[in-house]
Structures are given as C-alpha cells and as structure tokens.
Amino acid sequence: MSDHVTVTIDGRKLEVPAGELLIEAAQEHGTYIPRFCWHPRMKPVGMCRMCLVELETPRGPAIVTACTTPVSDGMVVHTRNETVQRMQEGVLEFLLINHPLDCPVCDRGGECPLQDHVMAYGPGESRFVEEKRHFEKPIPISELVLLDRERCILCARCTRFSEEISGDPLIEFTDRGNGVHIATFPDLPFSSYFSGNTVQICPVGALTATAYRFRARPWDLEAVESTCMHCTAGDRINLQASHNEVVRILGVDVEPTNQGWLSDRCRFGFQYVGSPDRLTVPLIRDAEQGHTEVTWSEALDLAATRIGEVLAGSGGQSVAVLGGARLTNEDAYALSKFARVVLGTNHVDAQMDDGLDPQFLAATVDRALISDLDSAKAILVWGPDLKEEHPTLYLRVRRAAQELGAALVVVHPRRTGLDDRATHKLTYRPGEGADLLTELVAGSGRASQARQALAEGPVVGLVGRTGYGEDPRLAEAVAAFVRTLPDARILPLARRANIYGALDMGLAPTLLPGRVSVGGEGARSIAEAWGGLAEHPGLDTRGILEAAAAGDIEVLFLVGADPLRDVPDGALARRALERVPFVVAIDQFLTDSSRLADVVFCADGFAEKEGTVTNLEGRVQKVNRIVPGPGQTRPDWSILDDLARRLGVELGFGSAEAISKEIADVAPAYRGVTWDRLDWEERDGIVVPDGGEAPLRFVPADTPGTRAGGDLVLHLARVMYDDGVTVRHSPSLAGLAPGAAVHLHPDDAARLGLASAETARVVTEQGEATLPIRLDDTLHRGVVYVPFNQPGMPPLGPGPAVTVTPA
Amino acid sequence: MAALSFPSNFLTTTIDKAARWARTQSMWPATFGLACCAIEMMATGAAHNDLARFGMEVFRASPRQADLMIVAGRVSQKMAPVLRQVYDQMPDPKWVISMGACASSGGMFNNYALVQGVDEVVPVDVYVPGCPPGPQSLMHGILTLQRMIVEGKVAS
Amino acid sequence: MGVMSELWKGLRVTGRIGLRSLVGRGIVTTEYPKEFRTKPQRFHGRHVLNRYPDGMEKCIGCELCAGACPAQCIYVRGADNAPDDPNSPGERFGYVYEINMLRCIFCALCVEACPTEAITMTHLFEMSVTSREEAIYTKEELLMRPDGTVPHPRPDDPYADLSELEVADGWVRATAPSGSAAYEGVKMWQDTAGPASWDPEPDQETRDA
C-alpha cells in the first residue's frame with residue numbers, strides 16, 4: 001500500500017491514494033466539504049475559502065483549504081468542529097455582504113450552491129447592514145450569456161474554464177480590492193463555442209443563459225438523461241423540460257465522452273424541438289395550391305399507391321433513399337429494412353456526399369476510444385477543424401496536448417482551433433494532400449519534425465476529410481499511414497449526428513446492419529431473417545443524385561435530409577429533386593428540399609422518442625424522451641411500418657424497444673446491446689466491437705492524387721453555426737452564423753488585385769457568388785476558403801477549381 | 001311529434017317556459033357525499049342555510065326519485081362505475097353539480113387513484129370551486145343551475 | 001299510549017319553534033341570495049394580484065407560488081421587463097399568470113410563498129362555473145386595476161356580493177419585509193384589497209436615514 005496513505009477525517013481512519021486532494025479524498029469516503037471554486041475537472045485555486053478545514057499539526061491546529069491540500073500520511077483533519085463551523089459561517093457571511101438577495105428572480109434560485117450552503121452552513125443572520133455594491137445588471141457578454149456582476153462571488157470557475165479547458169480566455173477579473181469583478185475585454189464579446197459551460201458551473205446566478213433566462217424554475221423541471229445528437233461524440237446530457245417544452249440541457253460528467261462539458265450548439269440547439277415551424281400534420285403537394293394538410297391515411301395511401309406502381313413497373317432499382325443520420329439506431333434499422341425488403345433497393349445513403357467510404361467510417365479496425373487520447377504520447381489530427389465539427393472531442397484533444405503532455409500534429413489547409421496547442425502544424429492546398437502525406441511518411445521536407453513527433457507511441461490518429469475540396473480517399477491513406485505508427489489507434493471522423501449508428505444499421509449502399517457487407521458472408525443470415533434482400537449494386541449519395549438528375553430514379557425518399565443545402569453540390573441536388581417524379585419526405589421541418597416533396601410525413605425528433613445512438617468510437621448510448629411530439633407526429637419506424645403494410649409487407653415492428661431486440665438478433669456487432677443494460681448497468685454506453693465483416697484494407701498512401709486545376713483551390717468546410725435546419729430554428733443560435741464570406745491569403749488577394757476590395761466574385765464549376773472578402777494569413781497560399789451553408793449563400797459545389805475576380 | 005311542431009306556437013313555448021320554471025323549484029338531490037364536501041352539503045341542508053327554501057331539502061337515497069346529483073367529494077377510480085350507475089338510474093330530466101376541487105378536477109390529488117374530474121364519467125352542468133365550498137358557494141352553484149334551466153341553457 | 005306521548009313531545013318542540021318564528025324571533029337562516037353571511041376576517045376566497053401604490057405590478061413571475069401550491073393549480077411564466085417600460089420592479093415580471101380555481105384548495109400557501117406580497121386572497125367565494133375553461137382565471141381577471149379595484153369574470157353575478165372583492169384576508173408574516181427576524185410574528189397586514197399601505201417598520205426611518 002505504498003501508494004496509499006492513512007488520514008483521519010473527523011475521527012475516521014481512511015486509506016486514500018497518496019497525492020489526492022483532501023476535498024476529493026473526503027468526498028470519496030462520504031464526508032462532503034462545502035466548496036464553491038473547486039471543480040473536479042479544473043485545477044484548484046483556493047479562492048472561495050469555503051472548504052476550510054482544521055489540521056492537527058505538531059505546532060497546533062492549522063486552518064487550510066481542503067481543495068489545495070494533498071493528503072499526507074498520518075494527517076488528522078476536522079471538517080465540522082467548532083472552529084471550522086465558525087470559519088464557514090464567517091466565509092458565508094462575507095460572501096453575502098455583496099451578494100444580492102434577489103433569489104426569487106434569479107435563474108439559479110432553487111438549485112444554487114450558495115443558497116444551499118447558506119442554509120446548511122451559514123450563520124442565519126448577517127451583521128452587515130451597509131449598502132451592497134451595485135453594477136448594471138445584467139449585461140450581455142455574448143449572444144448567449146448574460147453577466148450579473150452583483151451576484152458574482154469571485155470563484156474564478158468561469159475564467160479558469162475558458163483558460164484551462166476551452167482555450168479561449170475571453171473573460172477575466174478586473175479592478176482591485178472591493179471593486180474586483182468579472183469582465184470581458186473591450187470590444188471582444190465572450191464569443192466562445194463553449195460559453196454555456198460557464199453558466200452550468202457558475203455556483204451562483206452570475207452567469208445566466210439567454211436561452212433559459214426566466215423560462216422556468218428548477219422545481220418545475222422534469223429531467224431525463226439522454227445523449228446529444230448534434231455532433232458525433234455522443235455527449236451525455238441532462239435534458240430538462242417544463243410543461244412539455246424542452247427548456248434546458250446540462251452536461252453530465254461521464255468519463256468516457258464529454259466529461260461534463262458541452263458545446264453551445266449542443267447546449268442551446270434544443271430550441272428547434274419546440275419551434276412553431278415544426279410540421280404537425282402530414283402534407284401532400286398539389287400542383288396549384290402547394291402543400292395541403294391531410295390525414296395520415298390519405299398521405300400514406302397516396303405514397304403507397306405511387307410507390308406500388310413504380311415497384312410493379314421498373315422495380316427497386318429506380319427507388320432511392322437519402323438521409324437517416326438524424327435517426328436513432330432503431331429508426332435507422334427500420335429504414336434500412338424498409339429499403340431493402342419493401343422497396344428492394346440498395347440505393348441507400350445516409351452520408352449525403354461527405355464522401356468517406358462507409359466501410360472506413362464504420363468498420364475501421366484498431367478503432368480508438370476517446371479516452372485513448374488521455375494516454376496517447378502523440379496525436380495526429382488530419383481532418384476537419386475539430387473545434388467547428390467535433391467540439392467536445394476538441395476539448396479532449398486540447399486537454400491531452402495541454403495538460404497531459406501529448407505531442408500534437410495538426411494538418412489542415414488553414415488555422416484550426418488546436419493550432420495554439422499543436423507541437424507541429426502543417427498547412428497544404430486541398431488536392432495536394434498526397435504530396436504532404438508522402439513527405440510525412442518519409443519524414444522529409446517540412447514534415448520531418450512532425451514525423452519525429454509521431455515516432456513514440458501510443459499514437460492516436462483522428463482522420464477525416466478536411467473539406468469538400470479534398471479527395472475523400474486521402475483520409476483512408478492517412479489512416480493507412482497511422483497504422484504503421486507504434487501502438488496506433490484510429491478515430492475516423494464524420495460529423496453527422498448519428499452517422500455511425502446509421503452506417504452500422506446499414507444506411508449505406510455497401511453495408512447491411514451490423515457492418516455486414518452487401519453480398520458478403522453474413523448477408524445470407526440477414527436475408528434469411530428478413531426474407532429477402534436487394535441484389536443490385538447500390539449507389540451512394542452522389543450516384544443517386546446523378547441518376548435522379550438523369551431521370552433514372554422514380555421515387556426518392558428524403559429522411560431528415562435536406563440535400564439542397566446539405567450536399568456540397570447543391571445545384572446537382574436541385575436538378576435531381578426537380579426531375580424525380582415522386583419525392584417522399586419524412587422530416588420535422590419543411591426544408592428547402594421537402595418543399596419539393598410530393599408527400600411530407602411529420603416525424604418525432606430528438607427528445608420526443610426513445611432509442612439508441614452510436615458515437616464515433618462505437619459507443620452505443622440511450623436517447624430518451626421527455627416531451628411529446630407536436631400535433632400528429634409519429635416516430636419514423638411507425639410511419640415506415642404503416643407504409644410497408646400498405647405495400648403488402650409486414651415488417652413486424654411493434655415498438656422501438658422491439659426493434660432494438662431485433663437489431664441485437666440480426667446485427668452481429670450489436671449482440672447483447674439491450675435497453676435494459678443501457679438504462680441501468682451501463683449508463684455510459686456499451687462500446688460495440690470494432691471492425692466489420694470484411695475489415696477494410698487500406699489503399700496505399702500514394703493512390704489519391706487529384707490535382708486541382710488552376711492556381712486557386714476551393715476549401716469548402718463546415719463551421720459550427722451554419723444554415724442547417726437545427727441551427728436555423730434555434731433562435732439563440734441562428735444569429736451566430738458568421739455569414740457567407742470568401743477568405744483569402746493577403747498575398748493571394750494582392751496578386752488578384754483584391755487587397756483593398758470589399759467583395760469578390762467566386763466562380764466554380766457548379767455555381768457562382770459575390771461574397772465579402774476576409775483576409776486570413778493562416779491560409780495556405782492558393783487556398784480560397786469558403787464556409788459551407790451560410791445563410792443566403794448560393795451553392796458553390798465542392799470545387800476544387802475556383803476563380804476569384806473583382807466583383 | 002311532427003304535427004305538434006308549430007314554428008311560433010304561443011301555447012307550447014309558454015308551457016315550455018312554465019315547465020322549465022317548475023322544474024327548478026323542487027330539485028331533489030341524490031345523496032352522493034363522498035368526502036369532506038359532504039359535510040358542507042349537509043350543512044347546506046341545515047337551519048342556517050336551509051335548502052328547503054329552494055324545495056331541495058329531500059336528499060334521496062334512491063336515485064329513482066332524484067333529479068340532481070351533487071357529487072360532493074373525491075371520486076376514486078373504483079367509485080366511478082358506481083357513480084355512473086346511480087346517474088343512469090336517475091330519471092330524466094337530471095342534472096349534475098360537481099362540488100369542490102376533487103370532484104371537479106381531482107384537486108390536489110393528482111394521482112392514479114382518483115378520477116381527475118367527474119366530468120370524465122358523467123356530464124356536469126355546474127362546477128363549484130372550493131375545498132370544500134361553503135354552503136353559500138354550493139347554493140351559488142344551485143342558483144346558477146336554476147337560472148340556466150330557466151333560461152334553457154341546459155337540456156332539461 | 002307511549003307512541004302518542006312521544007309524538008306530542010316532538011310536536012311541542014316543532015310548534016314552539018314555529019310559533020316563535022311567526023313573531024320573528026330565533027330565526028338563524030341566512031336568506032342567501034338576498035343577504036350574505038359575513039365571513040371571518042381570515043377567510044380564504046379567490047385570489048388577487050396586487051399592485052404597488054405607483055401602479056407597478058407586484059408579481060415578479062418567480063413561480064414560488066406555483067412551487068408551493070399543493071394542487072399545482074398555478075401556472076406562471078416569467079419574462080424580461082422592458083427596461084424603459086417595466087411592468088414590475090426589477091428584471092422579471094409574470095407575463096402569464098393563471099389559476100385553475102377548480103384545482104385550487106384555497107390553502108393560501110401561495111400567499112405565504114410570495115416574496116413580494118403580490119398574491120393575496122379576497123373574501124369572494126361564490127364563483128360556480130358551467131365549464132372548466134371558465135374556471136381558469138387569467139392574469140386579466142386576477143390582476144387588480146391601477147385604481148385598486150379588482151376585476152371579476154362575471155361582474156353582474158346576482159348571487160355573489162362583489163364588494164367582498166375589496167376585502168383582503170388578513171395574514172401574519174413570519175418576518176419583516178427587510179428579512180429581519182426581529183419582526184417575527186409582528187402582525188403586518190391590511191384588511192382591504194388595494195395598493196399596500198401599511199405603516200413602515202418601527203425603526204425603518206432611523207435605519208434609512
């Protein structure tokens with residue numbers, strides 16, 4: 001027991017790990033020491049003085065803060081004796097000198113640590129009758145967060161969070177003595193992607209969120225634990241609703257995924273659930289009147305009749321299904337089975353032209369866990385800007401580099417959120433990644449130092465597509481390189497909510513549930529279980545859209561999909577949707593795409609249905625229901641079940657839970673995953689085994705070699721706030737989209753004669769637009785960066801060839 | 001009936017009015033005291049308030065002789081079919097007053113054991129708020145019902 | 001023989017009371033609706049939302065009443081006060097305030113919970129309704145008018161004495177408005193509805209000076 005020491009806390013002798021902080025050691029053994037500033041995920045500062053305890057030392061009793069004192073052998077601690085109680089009463093009386101007693105209107109009132117501590121440890125009455133200090137209240141310090149300086153007790157949790165965890169220190173103490181208060185820098189709002197976390201950890205109501213302000217009180221909230229469906233990290237959340245309306249999301253501190261943190265998109269992106277624009281009844285499109293509201297049976301009958309005619313005529317080959325990444329695993333499985341069995345088609349794709357091979361995303365062997373980042377010696381990030389697309393994963397990588405000492409190599413065409421913590425940062429022109437990879441593999445040229453940093457294992461490679469101008473096969477080549485590194489594990493990156501679950505359920509042209517390949521060994525048992533499978537080779541999103549535009553697709557299903565906005569080549573999507581004779585949409589909103597649909601079914605969404613989701617490491621977690629769907633919405637599986645029955649096929653779905661049992665039977669990787677286990681024993685999720693039926697053989701590193709023509713290439717990449725459906729219908733987030741712009745390197749701008757121009761004309765093969773210019777010297781020379789899907793931006797297509805001229 | 005339906009018949013409309021008035025003057029309540037409200041209902045019949053002033057002092061144990069059911073108290077799920085049976089046994093025309101919070105909406109007992117409002121079981125004409133409503137409140141309910149009957153606003 | 005004597009005993013009582021009532025003595029019946037019984041001072045009738053003498057709403061939409069309500073009959077939603085035209089002092093006001101009178105048990109826990117004495121009770125208790133919807137009193141019907149009078153959904157109800165709306169139930173607060181425990185149990189209430197007008201606390205002026 002050399003790594004354990006013996007301490008005596010309130011007369012109890014305890015064995016605790018050496019070096020642990022007293023406050024943690026006491027809590028693990030059931031003694032709660034009150035605290036405000038100490039947070040288990042951040043470094044201790046000992047600012048609030050609430051955790052004072054008495055130590056017996058050879059020189060007599062000593063008063064120390066439990067949050068900054070590590071345990072040592074033979075330590076004798078008193079946490080509730082008379083001296084300590086007097087200290088605690090004194091500290092609380094001091095804190096209340098300036099803290100206003102506006103608890104009835106404070107959002108924190110009812111769940112406030114200060115309230116609770118004053119009730120439990122406070123003196124009951126204050127001797128201070130002087131005027132409290134006053135500030136203007138509340139002041140907005142960003143679009144999402146309001147600051148009330150009167151309530152602040154100066155615990156430094158928010159400032160430490162933005163410095164230690166999120167890495168954007170935009171909030172700090174200012175002034176001295178009695179005047180110390182929290183402030184942002186002049187002209188610089190607290191525009192962090194993670195600002196909402198400071199609201200959650202604030203021990204008083206000093207920081208409040210605009211989205212939750214005055215919406216409810218803690219005692220009328222219902223809460224359920226669920227999983228976030230905005231990014232693919234599978235963050236655990238506490239979903240809270242009042243009067244059948246989701247009003248708040250809090251992060252749950254679980255070790256494997258988000259460690260309690262959430263991005264603002266996840267935290268405030270719930271607002272679309274209660275949006276008045278939600279579809280509440282099925283719609284049928286009329287040539288003259290547009291969409292009219294109909295009953296479920298009318299809509300289902302129409303869809304079944306038209307689909308039946310097509311199936312009887314040209315068969316399943318002319319039917320295609322797009323989307324499904326926003327579904328739960330159960331709904332995705334239902335869609336997969338519906339497509340294969342009822343529609344008889346393999347033209348199924350949930351990835352919507354993000355371009356990566358579904359086998360690569362779903363069936364990578366040696367798949368890393370997020371927690372592997374904590375033990376990694378070196379991390380290679382060659383993929384999208386994690387801060388924009390995988391925010392909580394970004395926090396984990398940041399922590400690994402900043403606190404745990406991992407070497408970090410970042411490769412991206414422009415700056416990323418991780419640059420300030422990267423040991424080596426390499427930029428390149430999209431399309432020339434293969435050259436850089438060759439250099440990196442050889443350890444030559446400008447990549448030599450980065451190669452050395454990756455020489456020591458364990459290595460974790462986070463690999464994805466940096467932008468739409470990139471060859472999608474490059475990611476596989478990078479993964480192949482990562483596998484040659486010592487003790488390497490790989491996290492393939494895709495950004496759509498439950499894309500890994502959708503692929504695991506077979507929403508890809510080449511995959512069946514459980515990562516079984518179409519036409520492979522395991523397909524036979526699935527065919528047996530389902531009573532038949534489609535045989536023809538399937539098309540991916542691009543293939544489907546091209547076939548549709550050519551007139552080869554007669555029925556197109558859009559399931560939570562908005563290809564007009566969500567596919568890089570929006571112009572192609574428009575041609576396709578306009579050409580297809582019969583489009584069926586299952587959606588929550590009337591999007592640009594579902595406006596073109598002939599039948600629109602309204603579906604239940606996030607927070608309205610139960611199910612499971614799979615995150616990017618293959619962790620299956622539960623999502624839970626807390627509000628009913630608006631109007632007549634139904635879960636997707638039930639819509640498909642009804643439609644199948646009208647087409648003469650019994651899919652046999654009774655409930656989402658029954659489907660989950662069928663998944664466990666049919667999909668090999670999901671054996672043993674039950675709702676019971678996820679609800680009780682394994683709340684943090686079950687990691688399904690990695691690899692598929694045919695584990696992917698990586699293509700050699702030198703294959704991809706698309707060279708963009710011309711001297712400029714387009715780097716079209718996603719940012720956190722775009723014009724997607726969920727952001728657009730969440731009022732708090734809708735205004736945060738940075739807006740359409742073209743980013744140029746100052747040298748390029750000068751060369752093009754745009755150095756002082758306001759706007760420029762950007763022309764690609766697929767479209768053109770006049771956009772405001774932003775100069776960005778972190779860009780690689782010759783790269784034109786345009787954020788994807790910003791409000792009011794016409795589709796520019798994936799590029800990569802682009803010309804920029806003065807407007 | 002077709003022969004009797006004169007469009008604006010002086011005789012029948014006046015008789016109808018008279019009949020409606022007569023019906024209000026001696027409504028006999030069926031006893032349906034279920035809880036504390038019943039104490040107030042009994043007090044309403046006693047000297048200080050004296051329901052006999054409205055000709056209503058005769059609380060009938062037999063539904064066959066009652067016109068008005070005052071549901072006084074909380075209706076448990078098990079009592080609901082009994083209540084409905086008593087209501088069905090009452091001869092037409094008949095009325096229902098839901099007395100108090102529990103009978104009207106479940107009151108503070110928002111749980112599985114209680115019917116959340118007796119109007120889930122029988123049609124209610126007048127709801128009397130209160131926990132329990134005092135005699136004067138109950139009489140307010142009765143007077144409201146009488147006025148509605150006279151004005152022809154409820155089926156009678 | 002025994003039957004007749006018992007019958008005589010009973011009829012004597014009836015006759016005595018009957019004769020006495022003929023001369024108008026000993027009648028206990030209140031002739032409601034012609035006359036109304038006086039209710040005790042602390043009687044709990046329907047609620048009213050008060051205003052300050054300057055016309056501001058006292059309710060700050062804090063939902064403490066809804067939290068305290070054992071019958072969950074109160075529904076409150078808060079909203080931001082417009083800084084230049086506030087409804088109530090401070091940041092927040094109740095923009096929705098509804099009480100379901102059919103669920104309410106008139107226990108006055110809401111009155112006790114209210115930190116600003118915004119909700120109090122009047123003496124009006126006669127408010128039968130003919131549909132459940134009518135029983136939900138909205139802010140329009142609960143909030144007193146700026147002149148201190150209280151609105152009512154049926155202002156012409158012949159069977160209710162609407163002057164009872166002017167009478168407030170008396171209640172004793174636990175502490176003084178300043179929160180000082182020294183005033184525990186001190187009776188500070190007004191017996192009429194309308195803007196609060198009680199005397200300042202005994203030493204308030206010296207403290208403020």
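This passage describes selected local features of a predicted model, taken in turn from chains A and C.

In chain A, helix H4, which spans residues 157-165, is mostly covered, with 8 of its 9 residues buried. The buried residues of H4(A) are Arg157(A), Cys158(A), Thr159(A), Arg160(A), Phe161(A), Ser162(A), Glu164(A) and Ile165(A). Their cover includes three strands of chain A, namely E8 (171-174), E9 (181-184) and E10 (207-209), together with helix H5 (195-201) and helix H12 (391-402) of that chain. After H4(A) comes Gly167(A), for which the phi angle is positive, near 75°.

Attention turns next to an arginine in a loop of chain A. Arg108(A) is placed between helix H2 (82-98) and helix H3 (113-121) of chain A, in the loop that joins them in sequence. With a relative accessible area of 14%, Arg108(A) is classed as buried, because this value falls under the 20% limit that the term requires. When neighbours within four places in sequence are left aside, the residues in contact with Arg108(A) are Pro113(A), Gln115(A), Val199(A), Gln200(A), Cys202(A), Pro203(A), Val204(A) and Gly205(A). For one of these, Gln200(A), the backbone oxygen is reached by the side chain of Arg108(A) at 3.2 Å.

The cysteines were also examined. Over all chains, a search of the whole structure finds 0 disulfides. Cys37(A) is accordingly in no disulfide, and the cysteine sulfur nearest to it, belonging to Cys48(A), is 3.7 Å away, so the pair does not meet the requirement that the two sulfur atoms be within 2.5 Å. Cys65(C) is likewise in no disulfide, the nearest cysteine sulfur being that of Cys62(C) at 6.1 Å. As to their surroundings, Cys37(A) is buried, with a relative accessible area of 1%, and Cys65(C) also counts as buried, at 7% relative accessibility.

On the surface of chain C, a nonpolar patch is formed by Met4(C), Leu7(C) and Leu11(C), which together have about 310 Å² of accessible area. Met4(C) belongs to helix H1 of chain C, a helix that covers residues 2-22. At a relative accessibility of 53%, Met4(C) counts as exposed, because the value is over the 50% limit for that class. In an α-helix there are 3.6 residues to a turn, so residues three or four places apart point the same way.

Technical notes. Residues numbered from 1 in each chain as written. Chains lettered and ligands numbered in written order. Predicted model: local features only at pLDDT ≥ 70, side-chain atom pairs only at ≥ 80, totals over all residues. Heavy atoms only, no water. Helix = DSSP H or I, 4+ residues; strand = E, 2+ residues; numbered from the N terminus. Buried < 20%, exposed > 50% of the residue type's maximum accessible area, 1.4 Å probe, protein only. Polar contact = N/O pair within 3.5 Å; in protein donor to acceptor, adjacent residues only side chain to side chain. Contact = heavy atoms within 4.5 Å. Patch = residues over 30% accessible without salt bridge, like charges linked within 9 Å, V, L, I, M, F, W, Y side chains within 5 Å. Areas by Shrake-Rupley, 256 points an atom, 1.4 Å probe, with all protein chains shown as cover. Salt bridge = Lys/Arg side-chain N within 4 Å of Asp/Glu carboxyl O.
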